Amino acid sequence: MKKHYILLITLLLLSSIGYSQIFITEIGDPTEGSDCRFIELYNFGNSSVDLGSGNYRLQRYTNADTTASSNDVDLTGTIAAKGFYTIGVAEFNTCYGFTPSQTIASTTFFSNGDDQIELLDGSDTVLDIFGVIGTDGTNECHDFEDGRAERIASVTTGVATWNEAEWNVTGDSAVAGCTSHTNGTLAASSGAFDPGAWIGAPVTDTVVEF
């Protein structure tokens with residue numbers, strides 16, 4: 001009985017680790033406007049995960065608000081092991097050349113570069129966050145207006161408290177005191193964005209036979 005109990009605890013711990021290995025890897029706010037905005041998730045785990053049935057959702061805190069916006073996004077479908085999941089509107093295809101994993105009806109959910117984004121599970125536990133709730137991102141380390149925020153390559157799990165050192169951020173403001181913040185603007189048409197790819201994703205070796 002004791003062995004069964006230990007096995008159950010181990011399985012529960014492994015399950016919780018798997019959940020935490022889905023995290024935000026890129027948030028885009030290209031200069032073309034709201035139609036090209038998107039959020040990208042990555043599953044660092046070794047098994048696919050069902051995002052639907054209330055298991056996962058995204059919510060946004062606008063500017064310096066301490067209460068989340070009412071237009072959160074319940075995720076649907078499945079994210080593959082070591083796979084990506086992108087959220088955008090119908091025009092995403094025009095901007096990036098493929099259909100996002102989840103198409104939502106309105107651009108109002110997406111950030112214009114100064115908001116906070118949370119990934120939560122079905123029990124409202126924060127699995128990952130971008131930005132500092134209660135702080136308007138303008139002229140802060142999480143200011144990615146007209147640019148993007150991309151997770152650094154060494155990250156393997158989400159965090160409940162934002163760590164600016166985990167992000168490479170480009171935005172239209174000159175911000176001091178950040179680990180990696182670049183003053184500039186990025187257009188989707190320039191190829192500067194790469195939804196569906198990430199610098200931290202493992203590279204699969206290609207075997208060539210002669």
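**Exercise 1. Determine which residue of strand 9 stands opposite arginine 57, and describe the setting of strand 4.**

Solution. Arginine 57 stands opposite leucine 120 in strand 9. The model is predicted: local features need pLDDT of at least 70 and side-chain atom pairs pLDDT 80 or more, whereas totals for chains, interfaces and linings use all residues. Residues are numbered from 1 along each chain as its sequence is written, and side-chain values use heavy atoms, with hydrogens and water left out.

Step 1. Strands are DSSP runs of E with at least two residues, numbered from the N terminus; two of them pair if DSSP finds at least two bridges between them. Strand 4 (residues 56-61) and strand 9 (residues 116-121) run antiparallel and are joined by 6 bridges.

Step 2. Strand 4 is also joined to strand 5 (residues 73-74) by 2 bridges, again antiparallel. Here leucine 58 stands opposite valine 73.

Step 3. Of the 6 residues in strand 4, 6 are buried (under 20% relative accessible area; exposed is over 50%, partly exposed in between; 1.4 Å probe, protein chains only).

**Exercise 2. Identify the salt-bridge partner of arginine 57, and state how accessible each partner is.**

Solution. Step 1. A salt bridge places a side-chain nitrogen of Lys or Arg within 4 Å of a carboxyl oxygen of Asp or Glu. Arginine 57 meets aspartate 72 in this way, at 2.8 Å from N to O.

Step 2. The two are 15 residues apart, with aspartate 72 in the loop between strand 4 and strand 5.

Step 3. Arginine 57 counts as buried because its relative accessibility is 15%. Aspartate 72, at 31%, is partly exposed.

Conventions. Helices (H or I, at least four residues) and strands (E, at least two) are DSSP runs, numbered from the N terminus.
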